[in-house]
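Visitor: Please give me a close look at the surface of this protein, with particular attention to its charges. I am new to this structure and would like to be led from one place to the next.

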Amino acid sequence: LADLPIIDPRDDEQESKREFYGELFFKKRQRKGFNHYESIKIMKERNHFGAMMVETGDADAMITGITRSYRSSVRPAIRTIGMQKDVNVVSGMYILNTKRGPLFLADTTVNLNPTAEQIAEITVHVAKMIRRLKMTPRIALLSYSNFGSSPGPDPEKMAKAAEILHETHPNLIVDGEMQ
């Protein structure tokens with residue numbers, strides 16, 4: 001780690017970077033809740049500064065979330081970097097390493113009550129990410145019901161999401177709703 005620079009966005013040495021990033025941020029966010037002064041001031045905040053480093057190519061990636069909630073960690077990245085054009089819903093993914101191999105859990109972080117359509121979209125995006133890791137996604141849409149054993153809005157939503165995925169992505173291995 002001796003070769004890696006440590007950058008503190010609040011350090012006086014970073015003032016010109018904060019102003020540069022703040023100007024870029026203002027161009028993106030003006031009339032979307034930020035004025036010029038706030039755009040520069042927020043660059044003292046690590047998540048906004050780090051996301052702007054990624055956006056400008058000054059950093060390849062950003063690791064965050066140690067001291068903040070997922071939602072408050074991801075918001076600066078969405079504000080700064082944004083979403084791909086084909087993405088309608090932001091989601092999170094956890095990876096659990098087990099003896100049998102990794103398990104991917106989505107979305108347990110961002111969306112409080114996603115629709116069946118949103119669940120289907122989240123599933124497609126997670127499957128793409130898993131394929132980028134050279135793995136075949138096998139997806140279970142989880143609920144408190146096993147294929148209609150306990151009726152209710154949540155299992156019905158998962159069943160509908162599975163139906164959507166079977167129609168729109170027939171090559172995707174997906175089943176649910178299940179416990």
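Guide: A residue is called buried under 20% relative accessible area, exposed over 50%, and partly exposed in between, with a 1.4 Å probe and protein chains only. By that scale K44 is partly exposed, because its relative accessible area is 40%. The model is a predicted one, in which local features need pLDDT of at least 70 and side-chain atom pairs count only at pLDDT 80 or more, whereas totals for chains, interfaces and linings use all residues. Residues are numbered from 1 along each chain as its sequence is written, and side-chain values use heavy atoms, without hydrogens and water.

K44 lies in the loop between α2 and α3; helices (H or I, at least four residues) and strands (E, at least two) are DSSP runs, numbered from the N terminus. Together with R10, K41 and R46, K44 belongs to a patch of positive charge on the surface. Such patches take residues with over 30% relative accessible area and no salt bridge, joining like charges within 9 Å and nonpolar side chains (Val, Leu, Ile, Met, Phe, Trp, Tyr) within 5 Å. Lys and Arg count as positive and Asp and Glu as negative, while His and the chain ends are left out. Each charge is placed at NZ of Lys, CZ of Arg, CG of Asp or CD of Glu.

Helix α2 covers residues 36-41, and H36 is found in it. H36 is partly exposed, given its relative accessible area of 34%. From H36 to G22 the C-alpha distance is 7.7 Å, although the two are 14 residues apart in sequence.

A patch of the opposite sign is also present. D8, D11, D12, E13, E15, E19 and E23 form a negative patch on the surface. One of its members, D8, is placed in the segment before α1, the helix of residues 15-29. D8 counts as partly exposed because its relative accessible area is 42%.

Helix α1 also contains F25, and here the surface gives way to the interior. F25 has a relative accessible area of 0% and is therefore buried. The C-alpha atoms of F25 and H48 are separated by 9.1 Å, with their positions 23 residues apart along the chain.

Charges may also be paired. The structure holds 5 salt bridges, each being a side-chain nitrogen of Lys or Arg within 4 Å of a carboxyl oxygen of Asp or Glu. In one of them, the side chains of K28 and E55 meet at 2.8 Å, N to O. This pair links distant parts of the chain, as K28 is in helix α1 and E55 in helix α3 (residues 46-56), 27 residues apart. Both partners count as partly exposed: K28 at 31% relative accessibility, and E55 at 33%.

A further salt bridge joins the side chains of D86 and K128, at 3.9 Å from N to O. D86 lies in the loop between α4 (70-80) and β1 and K128 in helix α5, so the pair ties together parts that are 42 residues apart in sequence. D86 is partly exposed, with a relative accessible area of 44%, and K128 is partly exposed at 42%.

Helix α5 takes part in another such pair. K160 and E117 form a salt bridge whose closest N and O atoms are 3.0 Å apart. Since K160 lies in helix α6 and E117 in helix α5, this pair ties together parts 43 residues apart in sequence. K160 is partly exposed at 41% relative accessibility, and E117 is partly exposed, with a relative accessible area of 41%.

Beneath the surface is the largest nonpolar core, which has 13 residues; I119, I139 and L165 are among those with the most contacts inside it. Helix α5 (116-132), strand β3 (138-142) and helix α6 (153-168) each supply at least two residues of this core. Helix α5 gives the most, with 5 residues. A nonpolar core is a set of buried Ala, Val, Leu, Ile, Met, Phe, Trp, Tyr and Cys residues joined through side-chain atoms within 4.5 Å.

Nonpolar side chains also appear on the outside. Y70, Y94, L96, L103 and L105 form a nonpolar surface patch, with about 420 Å² of accessible area together, computed by the Shrake-Rupley method with a 1.4 Å probe and, for residues, only the protein chains shown as cover. Strands β1 (93-98) and β2 (101-106) are the elements that give two or more residues to this patch. L96 is found in strand β1 and is partly exposed, with a relative accessible area of 41%.
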